[in-house]
Structures are given as structure tokens and as C-alpha cells.
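Q: Could you walk me through one part of this protein up close? I'd like to see how its pieces sit against the rest of the chain, and how far I can trust the picture.

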Amino acid sequence: MTGREPLAEGDDTSVWHQIFNFDNYGELLGLVQNSLLAGVLLGLVGGLVGVFVIMRDLPFAVHGISELSFAGASAALLLGVNIVAGSIVGSLLAAGAIGLLGVRSRDRNSIIGIIMPFGLGLGVLFLSLYKGRAANKFGILTGQIIAVGTPQMAWLVGTSVVVLLALVIVWKPLTFASADPEVAEARGVPVRALSLAFMLVLGLAVALCVQIVGALLVLSLLVTPAAAAARITASPVLLPVLSVVFALVSMEGGILLALGSTVPISPYVTTISFVIYLVCRLTGKRRARASVALGSTRWATEAQT
């Protein structure tokens with residue numbers, strides 16, 4: 001995606017240089033200013049939305065929405081219209097269908113299982129009909145790094161603002177409804193309306209992430225950072241903060257590493273987020289063992305006294 005040519009065949013370092021190559025890195029860095037800003041927006045949006053994705057057990061829904069987002073972006077590419085707008089339309093259609101038809105978990109999973117292959121099939125059809133650059137097709141699936149132009153940036157900023165404002169408005173009741181929906185409904189919280197509203201917000205977030213990470217690996221921003229944060233804290237304040245930090249590190253680190261290679265951005269973002277998750281998982285296990293050991297010691301001490 002950076003325009004670098006791989007080294008000659010037979011060179012022992014050719015694969016390494018395709019993955020990590022920092023020649024003329026300073027010059028290339030000037031080409032991705034929009035991408036770095038987009039990475040900040042996606043890290044913030046993905047980290048915050050991901051908290052509720054984990055709380056509401058919706059990782060499968062993220063994947064289902066991304067498939068129809070992919071179909072919308074592919075249709076926009078074929079028709080020569082704004083790809084971000086097409087991605088958003090596809091995401092909102094999928095999110096609305098899941099939110100309206102999948103009230104119960106079993107129904108929701110069935111709807112997602114129907115939407116996923118339909119969206120993927122449409123996307124493949126539209127891309128097969130598209131006769132333009134192959135890089136444009138590839139970018140929708142696996143992400144892109146330097147193709148974030150000013151018009152696309154305007155869409156990303158505007159949509160991010162809408163998502164963040166919506167989260168600010170519904171954060172408290174949505175947290176209550178996600179943690180204990182039955183009690184929340186009994187206390188007058190509009191649980192079903194909040195569920196649909198969040199699905200639409202999730203649809204917008206998926207459409208944003210598809211633009212940079214690609215449709216296939218959008219889970220790395222909307223699920224993995226929040227899942228990693230949940231491994232080391234249950235604090236309602238610290239959880240979203242850590243989720244955003246992990247998403248930002250994954251996004252910005254992925255962009256900076258992909259800039260010096262011929263490899264798409266998505267493998268870097270997914271690898272960084274996966275490593276963060278592993279570290280958090282191991283840390284959480286150690287803390288749990290230490291807590292159990294401390295509790296056993298205190299019990300033994302109290303029993304002796």
C-alpha cells in the first residue's frame with residue numbers, strides 16, 4: 001500500500017523487508033497524517049463502543065454488520081460514489097435488522113447468520129463487476145493506510161462525532177441495561193429502545209473501522225481491546241479508559257509499522273491487539289492466583305487465632 005517494491009527474488013531478507021522496511025520513513029510519514037488522525041478517532045470510538053460489545057455479548061454481531069458494510073462499500077465503489085457513505089448505509093441496514101428482529105439472543109444469532117453470507121455474497125458480486133484498480137478492491141477487505149483523503153476524512157470525523165455524542169447521551173442507562181436488563185426494565189429504563197439505539201451506533205462504528213482496518217478484521221478494534229481491558233479490571237471507569245488506550249496503541253502502532261512495508265495495515269493492528277490481549281489475560285490470571293493465595297493465608301491466620 002506504500003508503493004514499495006519487494007526486493008529481488010532470492011534475497012534472504014526480501015520477506016523481512018516487505019514486512020519491516022524503514023527506508024525513507026520520514027518522507028513517507030508525511031503521507032499518512034490523515035490516517036494517523038483517523039487512527040485516533042477509530043481508537044476512541046472502537047475502545048468505547050467495544051465496552052458495550054463485550055458487556056452485551058455482541059462480537060458475532062460486529063462480524064455480521066461488517067459483512068453488509070463491506071457490501072455497501074463495494075456497491076459504492078462499483079457505482080463511483082462515496083465509499084464511506086456506502087459502508088455506513090450497509091452497516092446501518094444490518095444493525096437495524098439485527099436490532100429489530102433479534103431481540104432474544106437465539107433470534108439475534110440466527111439473523112446474523114443469515115446476514116453474514118448475504119452481505120459477503122453481495123460484496124463479492126459487486127467487486128467482481130468492478131473493473132477499476134485491484135488495490136481498491138483489496139483495501140475494502142484488508143484495510144488501507146495512505147488512501148484517506150480529505151473528503152473521506154470529513155466523513156470519518158462527522159460520523160465519529162455522531163457516535164461519541166450518542167454514547168455520551170446513553171452511557172449511563174445503557175450501562176445499567178447492559179449489566180442487568182431485567183432490573184433496568186423494572187425500574188423504567190427503555191431497554192429495547194436502548195438496544196436498538198446501540199445497534200445503530202455499533203453500525204456506525206463498524207463502518208468507520210472498515211475504512212482503515214478492512215471488513216475482515218474489524219473485530220480487532222471493536223472487540224479485542226475491550227476484551228483485554230476486561231481481563232484486568234472491572235471498574236466502570238478504568239475499563240473504558242484502558243479499552244481506548246489499547247485500541248489507540250493497536251491502531252497507531254499498526255499504521256506506523258505498515259507504513260514501512262508492502263503489507264496491508266490489518267495484520268499489524270490485529271497482531272498488536274492480540275499481543276495486548278495475551279498480556280492482559282496472563283496478568284489477570286496472576287492477579288487471580290495471588291488473590292486466592294492471599295485469601296487462603298488470611299483464612300489460615302484467622303483460624304489459628
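**From a short helix to the core**

A: Let's start with leucine 29, which you'll find in helix α2 (residues 25-29). Keep in mind as we go that this is a predicted model. Leucine 29 has a relative accessibility of 32%, so it counts as partly exposed. Not counting neighbours within four places in sequence, it's in contact with Leu256 and Leu259. Have a look at glycine 260 too: it is 231 residues away from leucine 29 along the chain, yet the two C-alpha atoms are separated by 9.1 Å.

Now compare that with serine 266, in helix α14 (residues 266-304). Its relative accessible area is 2%, and the cut-off for buried is under 20%, so serine 266 is buried. Beyond its neighbours within four places in sequence, serine 266 is in contact with Thr142, Val213 and Leu217.

Val213 turns up again among the residues that methionine 251 touches. Setting aside residues up to four places away in sequence, the rest of that list is Gly39, Leu42, Ile212, Leu221, Ile265 and Val269. Methionine 251 also takes us to the largest nonpolar core, which has 65 residues. Together with Val49, Leu202 and Leu222, it touches the most other members there. Helix α10 (residues 191-213) is the top contributor to this core, giving 15 residues. There's a second core as well, separate from that one, with 11 residues, including Leu239, Ile272, Ile276 and Cys280.

So how does α10 pack against helix α3 (residues 33-55)? Their axes come within 10 Å and cross at roughly 145 degrees, and the crossing is left-handed. On the α3 side you have Ala38, Leu42, Val45, Val49, Phe52 and Val53. They meet Phe198, Val201, Leu202, Ala205, Leu208, Cys209 and Ile212 of α10. Sort the residues of this contact by class and you get 13 nonpolar, no polar and no charged ones.

Last thing: how far can you trust it? The mean pLDDT is 82, and 79% of the residues reach 70 or more. Confidence is highest in helix α12 (residues 224-232), at a mean of 94, and lowest in helix α1 (residues 14-19), at 66. Over residues 1-12, the pLDDT is below 50, though in the model this stretch does have 23 contacts beyond near neighbours in sequence. Where pLDDT is low, don't read the predicted coordinates in detail.

Terms used:
Residues numbered from 1 in each chain as written. Predicted model: local features only at pLDDT ≥ 70, side-chain atom pairs only at ≥ 80, totals over all residues. Heavy atoms only, no water. Core = buried A, V, L, I, M, F, W, Y, C linked by side-chain atoms within 4.5 Å. Buried < 20%, exposed > 50% of the residue type's maximum accessible area, 1.4 Å probe, protein only. Helix = DSSP H or I, 4+ residues; strand = E, 2+ residues; numbered from the N terminus. Contact = heavy atoms within 4.5 Å. Axes fitted to C-alpha atoms, helices over the stretch in contact; angles between N-to-C directions. Left-handed = near helix turned anticlockwise from the far one by under 90°. Nonpolar A, V, L, I, M, F, W, Y, C, P; charged D, E, K, R; others polar. pLDDT = per-residue confidence, 0-100.
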